[in-house]
Structures are given as C-alpha cells and as structure tokens.
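Biologist: I am new to this structure and should like to understand the terms used for its aromatic residues. Please show it to me before we begin.

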Amino acid sequence: MLEKAIQYVTVILVSSAKFGFAPFIGKAFSLSNWEIIILMVIGMMLTVVLLTTLLGDLFYGFLKRTLFKNRKTFSPKTRNIVRVWNKRGLIGVAFLTPVLFSPIGGALIAISFGEHKKKIILYMFLSACFWAPLTVLFMDQLIQFVSSFIDFKQLFK
C-alpha cells in the first residue's frame with residue numbers, strides 16, 4: 001500500500017512540475033494509463049490551485065524581486081507570450097500550458113496578466129483533461145515503437 005502511494009505521489013509531483021515527464025514515470029512504475037491520466041490532472045491542478053490561491057502573489061513577487069530583477073522587459077520569449085495572450089487570452093495560455101509552458105509557468109503567466117482565479121483554475125483544468133490522455137497515449141505508442149526495435153531483455157543480460 002505504501003509503495004503504491006509513493007508511486008502516486010511521485011507521478012503527481014512530476015506532473016506538477018513538468019507535465020510531459022509524468023507518463024514515463026508512470027510507465028516505469030507499471031501504472032495503468034487511466035491511473036497516469038488521473039494523476040497527471042491532479043498534479044497540474046495541484047500546482048495551479050496552489051499558485052493561484054495561496055502562493056501566487058508571493059511567489060510571483062519573489063520572482064520579480066530576485067530572478068527577474070535585471071531582466072529585459074521585452075525579449076523574444078516575452079513577446080511570444082504577449083502575442084499568444086493578445087490573440088487567444090487565457091484560453092490560449094491554458095491550452096498551451098501542458099505542452100509549451102510548465103504548469104508553474106502557465107499559472108504564473110495567467111496570474112501576471114491579472115486574470116480571475118476561478119477562470120484560471122477552470123481553463124487549466126479543461127486543458128489538463130484534454131492533454132493528459134493525449135500525452136499518455138502518445139508516450140505509450142512511442143514506448144511501444146521504440147521497444148519493437150530494441151529487445152530490452154537482450155540489453156540487460
């Protein structure tokens with residue numbers, strides 16, 4: 001029981017930091033696709049809820065005072081973020097968060113543009129529910145494709 005809980009917590013923590021790595025960790029623990037999908041959504045939403053409700057203003061203020069203190073206002077990266085925000089708004093940022101931004105980055109971008117917290121949580125949840133199955137199924141197919149070329153049992157003899 002404790003072993004399964006550790007596996008679940010590990011997948012949740014990985015997906016809360018970087019969404020795309022969670023299927024690999026889940027497959028390494030031999031979890032089912034449904035378990036991985038649910039844990040990925042929980043992990044992303046854990047980060048989004050924590051950042052928007054409890055830690056967002058403090059964390060964002062800390063980043064502005066420390067890491068982003070001497071940063072240029074307009075860089076190619078910030079221009080692209082502003083371009084996505086101007087064209088698609090919160091929906092576009094939420095949609096791209098699991099793929100391009102991490103859950104932390106997407107939540108901070110949404111917070112920095114002053115969007116309502118309930119809307120941020122809703123759109124990030126919908127985005128996680130959309131991307132988690134696609135990511136898991138893609139990674140599953142990729143692992144099967146690679147393993148068809150490589151006989152792993154032969155490598156570890």
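**The aromatic cluster**

Modeller: One aromatic cluster is formed by F95, F130 and W131. The model is predicted, so local features need pLDDT (the predictor's confidence in each residue, from 0 to 100) of at least 70, side-chain atom pairs count only at pLDDT 80 or more, and totals for chains, interfaces and linings use all residues. Residues are numbered from 1 along each chain as its sequence is written, and side-chain values use heavy atoms, leaving out hydrogens and water.

Biologist: Why is the pair of F95 and F130 called tilted?

Modeller: Rings of Phe, Tyr and Trp (its six-membered ring) pair if their centres lie within 6.5 Å; planes under 30 degrees apart are stacked, over 60 edge-to-face, and the rest tilted. The centres of F95 and F130 are 5.6 Å apart and their planes meet at 40°, so the pair is tilted.

Biologist: What makes this pair a link between distant parts of the chain?

Modeller: F95 lies in helix α4 and F130 in helix α6, 35 residues apart. Helices here are DSSP runs (H or I, at least four residues), numbered from the N terminus.

Biologist: Why is the pair of F130 and W131 edge-to-face?

Modeller: Their ring centres are 5.2 Å apart and their planes stand at 85°, so the pair is edge-to-face.

Biologist: How do you know whether W131 is buried or exposed?

Modeller: Buried means under 20% relative accessible area, exposed over 50%, and partly exposed in between (1.4 Å probe, protein chains only). W131 has 18% and therefore counts as buried.

Biologist: What makes F95 partly exposed?

Modeller: F95 has 40% relative accessibility, so it falls in between. F130, at 41%, is partly exposed.

Terms used
Helix = DSSP H or I, 4+ residues; strand = E, 2+ residues; numbered from the N terminus.
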